[in-house]
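Visitor: I am new to this structure and would like a close look at a single part of it. Could you take me through one pair of packed helices, and then through a few residues elsewhere?

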Amino acid sequence: KYIGKTSKRLDSPMKSTGQANFGIDTRVDGMAYAVVVRCPVLGGRVASFNAANALSQKGVLKVVGIASGVAVVADKYWRAKKAAQLLEVQWDEGANANLTTEGVFELYRNALAEDDGDSRRDEGSYETVAASGQQLSVEYQAPFLAHATMEPQNCVAHVQADRCDIWAPTQAPDVAQVAVAKVTDLSLDQVFVHTTFIGGGFGRRLTQDFVAEAAEISAKAQMPIKLIWSREDDTRHDVYRPASLHKLGAVLSDQGELLGWQHQIACPKILSWYVWDAAPAQFPWAPKFMYDSLAKTGLAGEGVLAPEDHSPFEGAESYPYQVPNIDVRYTHVDAGVPVSYWRSVGHSQNAFVVEGFMNEVAHAAGKDPYQFRREMLKGQPRGLAVLDRVVELSGWHSAQNDQRALGLAVHQSFGSWVAHVVEVDVRGTHYDVKKVYCVVDCGLVVNPAIVTSQMESGVIFALTAAKYGNIELEQGKVKQSNFHDYQMLRMNESPDIVVDIIASAESPTGVGEPGVPPLAPALADALFNATGQRLRRLPLELGA
């Protein structure tokens, strides 16, 4: 009756007419507003503060120190925000006081030079074949990225002696309970989370720092409070998509056959940061004194509660092409910048690297990127199907005659295969993406309209990051602050998006994230075909 047929979204009328209640819309009786001042250096802490000037302002009710900074509580948000600017705070800037973006990548580069890393895939002998064939060696890098949700972080908390009520746009209500328990005297079963509509999640609202702050402020101020992060707070105190550095090698025969593939990755592990918050939620009966040990070792040995984190190398170790010699390695290195899950997680950077380099290798081999891939995807029928279909849909073979600059990429993530062809229009150092052709195989489709909208939103999300996304560090501080210097794709920049869904009887797989990864490498390929410039660093910026 329903599967495979388009159904209307039940939430659309509420969202279209403004009746949907997002976290930031929440109001409860007796509620005050809170703003937190945090150390501008990532990881820094309060050494001391003077609240006299803030407390003298109209409407200010209390000023309290919390784990992440100093909170100003007032009868209105704007009064709290203005008073917060009058706080006199001395900071302990900590270990990141001199950290820069260049320093992060130099740390990664040194780590790769000193440590071969853990082998994630080892087939044949790359070293042997590299000694006899034509070898290509390049470096790719991907930056830290903010989530930039349209609704900034916010939470209403009411902590009482025997219970706490939380109203929040959270992606992890059970982890929110843990966050509250850690900063209060309450147990998990005394924390009641009322989940609201979410104005953008993308993985940001898995981390519950904003919930912990609200609960701690409410407990200390002894009143219900509504915590609101400003856009600047949200940009400069995010938990970021990890930056990563990649060393790649390929070996070609004289006939242009790909004989060997090597990929070395340096970046942090997301789970190293997230497990401290998430692990206790798996065992709600555990007393709070066990929380740290739960995150460290688990109850039945190492790795039970902190399972292996595949995010650094997902999409790289599953390299889908039939190549006789494959070497994929990962080196763990962490610069101390807080990281978390970002839409499509490790696939977001690894697809850019793998597919971007595949396009380079195809060019070096003198072959069409489509035909080059096709020869090595014979063991992946679903991958072949999306590749063939997107080439047909886009008119790939006629692009040169039509004077269109197209780029191609295909990637599997979350069980689904997605192929993109991107068409660009270049004028000097400026470019526009005119059209994106997207083909997806996500198994049995429940609601085609949802699949289409998720692919479209994935394209927009990925294109935003590919064109503009870059969180930069200077003396341990995030340089970007708001949408003027951390840009979002605007409506007039949005390309035409053509989505085609492969009919399949396979089990249903993901659609929320797989539309993201292939976009950046397809765009980079299109820009190369238009300009001859090979771009190996995100965001994709053309030189003069």
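Guide: What follows is a description of one helix pair, and after that of two single residues. Please keep in mind throughout that the model is a predicted one.

Two packed helices are described by the angle between their axes and the distance between the axes. Here the pair is helix 12, which covers residues 369-376, and helix 13, which covers residues 381-394; they pack at an angle of about 160 degrees, and their axes are 10 Å apart. Because an angle over 145 degrees counts as roughly antiparallel, helix 12 is roughly antiparallel to helix 13. The crossing of these two helices, helix 12 and helix 13, is left-handed. On the side of helix 12, the residues in contact are Y370, R373 and R374, and they meet L384, L387, D388 and V391 of helix 13. Sorted by character, the residues of this contact are 4 nonpolar and 3 charged, with no polar ones.

Turning to the single residues, T196 sits in the loop that runs between strand 10 (191-195) and helix 7 (209-221). With a relative accessible area of 15%, T196 is buried, and, leaving aside residues up to four places away in sequence, T196 touches N21, F22, G23, T26, A168 and P169. A polar atom of the T196 side chain lies 3.0 Å from the backbone nitrogen of G23.

The other residue, A295, belongs to helix 10 (residues 291-296) and is buried, its relative accessible area being 4%. Although 23 residues separate A295 from S272 in sequence, their C-alpha atoms are 9.3 Å apart in space.

Note on methods
Residues numbered from 1 in each chain as written. Predicted model: local features only at pLDDT ≥ 70, side-chain atom pairs only at ≥ 80, totals over all residues. Heavy atoms only, no water. Axes fitted to C-alpha atoms, helices over the stretch in contact; angles between N-to-C directions. Helix = DSSP H or I, 4+ residues; strand = E, 2+ residues; numbered from the N terminus. Parallel < 35°, antiparallel > 145°, perpendicular 65-115°, else oblique. Left-handed = near helix turned anticlockwise from the far one by under 90°. Contact = heavy atoms within 4.5 Å. Nonpolar A, V, L, I, M, F, W, Y, C, P; charged D, E, K, R; others polar. Buried < 20%, exposed > 50% of the residue type's maximum accessible area, 1.4 Å probe, protein only. Polar contact = N/O pair within 3.5 Å; in protein donor to acceptor, adjacent residues only side chain to side chain.
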